[in-house]
Each structure stands twice: as structure tokens, then as C-alpha cells.
Amino acid sequence: MPYSVGLHSAAAAFLSAGFATQFTIAVLAFLFIVTLISAFEKEGVDEPKHLPGFSFSHILPFFTRRYDFLNWGIQASGSNIYQFKLFRNTVIVVSGERARQAYFSAKNFDLTEGFKILSGAIPMVRGVTSDLQTKRVVTIHKRLGNIQRNVPLSSLFPYLLEDTRKCMDSWGQSGKFDPFDKVYELVFQLTIRCLSSTEIADSPELVARLKVLYDKLDNGTTPATVLLPWLPTPAMIKKLWATKEIYDIVTKAIRDREASGIVRDDTLQMLLDSSDEKLVVVGFIMGLITAGARATGSMASWVFTFLGGHQDWRSKATSEVESLLARYSNNAGDHLDSEAKKDPIPVSTRLGLIPLEAWESETPVLDAIIRETTRLAQPHTAMRRNLGPDTYIDGRIIPSGAYVIYPFSDVHLDPEIYPDPWRFDPSREQVKDIPFTYIGWGGGKWLLLAISREHVRSRYWQLIFVFLVCVAFSTRLASTLVFGCFATD
């Protein structure tokens with residue numbers, strides 16, 4: 001019986017191997033069985049179409065080439081609604097006008113659960129940034145609204161401008177740089193200023209360290225760390241250490257503030273004054289830094305890029321900012337003595353005199369450019385989980401527990417809605433007769449909760465600060481604020 005002998009030898013070799021080898025073989029065997037079972041599952045009458053091929057082959061492209069993979073799925077399945085497996089997790093992709101409206105109107109689709117499994121970039125600490133009680137989630141949403149009201153934002157205004165000036169002074173007066181590097185650093189600094197404590201934001205060393213740690217979380221997000229978080233891969237171990245260090249930095253800032261008795265006008269103070277649980281305070285800061293810095297940093301970098309190639313819109317934006325400065329800061333030096341008036345007033349000071357309300361109501365050009373940049377350069381995917389009951393979208397069943405995703409590109413790059421969709425054109429007219437034709441800030445109930453107007457205002461502000469740099473560059477309007485956005489001689 002050669003087969004018996006072979007199996008006996010294989011079993012003996014397995015038992016004599018070390019734990020690491022045994023564990024690896026067991027995991028691989030488990031994945032093979034799951035993949036094999038998934039391949040032979042039959043498609044129900046109302047079920048979305050299955051993607052062809054083994055489910056295991058879908059995992060890597062979903063995480064590494066998501067835009068291409070989702071578009072391929074539509075072609076391969078021949079349907080605007082299809083499904084595939086991420087191990088035992090059912091993922092359903094929806095597209096098209098009717099599916100989009102149903103998706104963003106569904107009350108049982110949960111963003112938090114969907115993002116946690118399908119993204120995995122937020123530092124996960126049980127009870128702090130994951131597995132939160134409903135009461136804590138509501139508290140975090142409430143505090144997010146509080147810090148984005150006009151009064152707190154207005155008090156942050158001078159500090160954000162000063163952070164911007166310092167950061168851009170370090171860029172030098174000539175040369176070239178990659179906006180997706182330098183601009184992201186600036187936006188990260190502004191995010192720390194908005195969402196953490198003065199002590200952290202005033203420390204270049206701490207901010208730089210936090211950026212390194214959050215980059216580790218982002219770069220360490222692999223299919224294995226998301227789908228098999230219990231598997232001690234090198235990437236998962238690095239993420240755990242980075243999460244611990246972030247947690248230690250935030251908790252130390254809290255302890256130091258409480259021990260000092262100093263009261264400051266910042267987000268940490270607002271959270272402490274509200275007598276929130278420490279877990280809420282820590283979770284608020286740790287989680288929202290990721291959400292704020294990643295998306296806003298990318299968008300701000302694209303603003304630079306688009307303005308670098310569109311002189312007409314840079315000129316229009318310049319005129320708009322010049323008008324604001326003329327209207328609100330021409331008398332900025334009236335209180336100075338004759339000697340002090342000889343020196344030019346820094347543009348950062350003049351910008352600080354423009355009221356918040358003016359930025360929100362008197363900047364249609366800035367708003368249009370930011371909106372168009374968000375439409376064109378944000379290939380994100382809305383992620384939800386159906387918490388139950390079973391739901392139908394466009395005639396296809398979405399079972400309870402399934403993950404449901406909608407690619408923004410389905411609407412933002414639809415030539416029927418946006419003619420010549422890849423062209424940067426902030427003058428496009430908004431489509432108002434069809435729901436959810438623009439979802440740059442979310443849609444449905446998540447526009448009202450997780451991405452409320454206050455949160456939109458925060459992202460707008462960070463983008464506008466970087467946007468002012470581009471405007472200043474084009475006319476030397478702010479020579480004391482910025483040198484060399486793209487390349488100067």
C-alpha cells in the first residue's frame with residue numbers, strides 16, 4: 001500500500017516539524033479548503049452573478065488594483081451587480097443609477113462594519129477604535145460636530161496659517177518637489193492641529209513620528225492583515241507595534257494635560273471638558289487622524305497638480321483670493337506705528353483677518369475647483385455591511401451579513417452625467433434632477449452622520465489652506481507665505 005506509507009511519512013514529517021511550520025501548513029490547508037468550497041457553490045435565482053475563476057485569485061487585485069478589478073468584474077460578469085468571495089466573506093459590487101440610489105438610501109447598510117473589514121487602515125484597539133458601543137459612536141459623532149463649528153474653527157485659524165507658513169518656508173525658494181510628498185506632510189500637520197492637542201501639534205518631532213507610524217499602518221495593510229488579523233505575519237506585527245506607539249503618544253498627551261492643570265483652546269481640551277470616557281477621547285483622536293489625513297492629503301496634492309496645468313483656473317482663483325484680501329485685510333496695518341508700517345504685513349496675517357463666513361459664502365471658484373478635484377481624483381469605494389434583513393437591489397438579493405461596495409467612479413466618471421469625464425473642468429454644471437450624481441462627501445444617511453456638513457467643512461478648510469499656496473504662487477501675492485509650489489527659478 002504505497003499510499004498508506006506515503007501518508008504515514010507525511011504525517012510523521014508534519015508532527016516532527018516545528019510549530020511555525022505546522023501553523024503555516026494548517027493555514028494554507030484551510031485557505032485551500034475554503035477556496036475549493038467557494039468554487040463549487042451554486043448560484044441562487046436572485047443572487048448576483050459570481051465572478052469567474054477561483055475566489056482566491058480575486059483577493060490580491062481587490063486590495064492592490066481595486067479600480068481596475070471592479071471594472072473588470074462588470075465586464076467579466078456581464079452584470080452591474082455581481083459578487084465574489086474574500087475567503088468566507090461575501091462581497092457584492094453594485095453599480096448603475098437604480099442600484100446607486102438604493103445603496104445610499106438603505107438604512108441597514110452600516111459604514112463602520114464595512115470599512116473595518118474591507119479597508120483595515122484605521123489602528124484597531126478593541127473598545128477604542130473598534131467594537132465600540134453604540135453610545136460611544138454617538139458621542140464621537142457629536143464631538144466631531146462640536147469641533148467643526150465656527151467658533152472653534154476661527155480660534156484655530158491663526159495656528160493653521162502659521163503651521164502652513166512654517167512648513168512652506170522649509171521648502172525653500174527654488175527647485176522642485178513631489179506634491180504627493182510635501183503637501184501630504186503639510187496636511188498631516190494641519191490634521192494634527194485640528195484633531196489632537198497643542199502639545200503634539202507644536203512638536204515637530206512628535207508630528208514627524210506620528211506620520212511615520214500612520215504610514216506604517218497604511219503601508220502595512222495587506223490582504224492578510226485585513227482578512228486574517230489573527231495571523232502573526234510580519235506586516236501585522238509591525239501594525240500592532242505602530243498602533244501601540246500611537247496609543248502611547250495620545251495617552252501621554254492626555255495624562256500630561258490633566259497633570260499640568262493648564263487649559264488650552266484645542267480639541268483635546270474640548271474632549272476633556274466634556275467629561276467623556278478616556279476610551280472615547282483616545283479613539284476620537286487616533287481614528288480621525290487617519291480619516292482626515294489620508295483623503296485630504298491626497299486631494300490637496302491633486303489640487304496642486306491640476307492647478308499646475310490649468311493657468312486659467314489658477315488665475316480665476318487668484319482673483320477671488322485677491323478680492324477677499326482687498327475686502328477684509330486692506331486696513332490690517334492701521335494699528336501699527338509708522339516705523340512698523342514700513343515692513344510688509346505677512347500674508348498669513350492678512351489671511352487670518354478674513355472671517356470664516358467669507359470663506360464659506362464668497363469663494364465659488366475655490367468651491368468649484370475643490371468639487372471637481374474631488375470628483376476626478378477620488379477613486380474611492382463606498383463600503384457597507386448589510387446588518388439585516390435581506391435586501392433587494394435592482395432585483396438582486398443582498399443577504400444579511402454580506403459586504404456591499406459601490407465604486408465612486410461609476411457615477412463620477414459616467415460620460416452621460418459628466419461629458420468627457422476625465423477632463424478637469426470646474427465650470428461643469430451640477431446635475432440636480434438625478435439623485436446622488438455627486439458623492440464626493442458621501443451620500444444618504446452617512447452624509448448626515450459620518451460625513452456631515454461640519455466634517456465637510458473641516459476637509460474644505462484643509463484643502464483651502466493648501467489651495468491658497470497655489471494661488472499665491474501664481475502672482476507672488478504671498479511671497480512671505482510660500483516659495484516654489486512647483487518649480488521656480
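Two strands are said to pair if DSSP finds at least two bridges between them. With that idea in hand, the sheet of this predicted model can be read strand by strand. In β2, for instance, tyrosine 82 is the bridge partner of lysine 49, and histidine 50 stands opposite glutamine 83 of β2. Together, strand β1 (residues 49–50) and β2 pair in the parallel sense over 2 bridges.

A few totals help to set the scene. The chain has 489 residues, of which 49% count as buried. Its secondary structure comes to 22 helices and 10 strands. Among contacts between residues at least 6 apart in sequence, 74% join residues at least 24 apart.

The sheet is a good place to begin a tour. Strands of a sheet pair through backbone hydrogen bonds, and they do so either parallel or antiparallel. Here, 6 strands form an open sheet with mixed pairing, in the order β1-β2-β3-β9-β6-β4. Because β1 and β4 (109–110) each have a single partner strand, they stand at the edges, and one side of each is left without a neighbour in the sheet.

Moving along that order, the next strand to look at is β2. Strand β2 covers residues 81–86, and 6 of its 6 residues are buried. Its side chains point in two directions: Ile81, Gln83 and Lys85 go one way, Tyr82, Phe84 and Leu86 go the other way, and all are buried. On to its partner β3: strand β3 (residues 89–94) runs antiparallel to β2, and 6 bridges join the two. One of the facing pairs is leucine 86 with asparagine 89, its bridge partner in β3. The hairpin of β2 and β3 has 2 residues between the strands, and in this hairpin phenylalanine 87 takes a positive phi near 60 degrees.

From β3 the sheet continues to β9, and these two strands pair in the parallel sense over 3 bridges. Valine 93 has isoleucine 405 as its bridge partner in β9. How many residues of strand β9 (residues 403–407) are buried? The count is 5 of the 5, so β9 is largely enclosed by the rest of the structure. Both faces of β9 are covered, with Tyr403, Ile405 and Pro407 buried on one side and Val404 and Tyr406 buried on the other. Strand β6 (residues 381–386) runs antiparallel to β9, and 5 bridges join them. In this pairing, arginine 384 has valine 404 of β9 as its bridge partner.

Just past β3, the chain enters a loop that leads to α5 (97–105), and serine 95 lies in this loop. Is serine 95 buried or exposed? Buried means under 20% relative accessible area, and serine 95 has 3% relative accessibility, so it counts as buried. Leaving aside residues up to four places away in sequence, serine 95 touches Ile74, Asn80, Tyr406 and Asp410. Tyr406 has already appeared as one of the buried residues of β9.

Aromatic rings offer another way into the model. A pair of aromatic rings is described by the distance of the centres and the angle of the planes. The structure holds 15 aromatic pairs. In one of them, tyrosine 103 and phenylalanine 104 meet edge-to-face, at 5.1 Å centre to centre and with 80 degrees between the planes. Both tyrosine 103 and phenylalanine 104 are buried. Elsewhere, Phe62, Phe63, Phe69, Trp72 and Phe84 form one aromatic cluster. Phe84 also belongs to β2, where it points the way of Tyr82 and Leu86.

Charged groups join the rings in two places described here. The charged end of arginine 66 sits over the ring of phenylalanine 62, 4.1 Å from its centre; phenylalanine 62 is also a member of the aromatic cluster. Arginine 375 has its charged end over the ring of tyrosine 418, 4.9 Å from the ring centre.

Finally, there is the question of empty space. Rolling a probe the size of a water molecule over the atoms shows where empty space is left. The count comes to 5 cavities of 30 Å³ or more. The second largest cavity has a volume of about 60 Å³. Among the 11 residues that line this cavity, the closest to its centre are Tyr184, Tyr214, Asp218, Thr290 and Arg294. Three helices, α9 (179–195), α11 (204–219) and α15 (278–308), each supply at least two residues of the lining of the second largest cavity.

Definitions and conventions:
Residues are numbered from 1 along each chain as its sequence is written. This is a predicted model: local features need pLDDT of at least 70, side-chain atom pairs count only at pLDDT 80 or more; totals for chains, interfaces and linings use all residues. Side-chain values use heavy atoms; hydrogens and water are left out. Rings of Phe, Tyr and Trp (its six-membered ring) pair if their centres lie within 6.5 Å; planes under 30 degrees apart count as stacked, over 60 as edge-to-face and the rest as tilted. Buried means under 20% relative accessible area, exposed over 50%, partly exposed in between (1.4 Å probe, protein chains only). A charge sits over a ring if NZ of Lys or CZ of Arg is within 6 Å of the ring centre and within 35 degrees of the ring normal. Helices (H or I, at least four residues) and strands (E, at least two) are DSSP runs, numbered from the N terminus. Contact means heavy atoms within 4.5 Å. On a 1 Å grid over the protein atoms alone, a cavity is a set of points where a 1.4 Å probe fits but cannot get out, and a pocket is an open set with protein on both sides within 12 Å along at least five of seven lines; lining residues have an atom within 4 Å of a point. Grid points are joined across faces, edges and corners, and a volume is the space filled by probe spheres set on the points.
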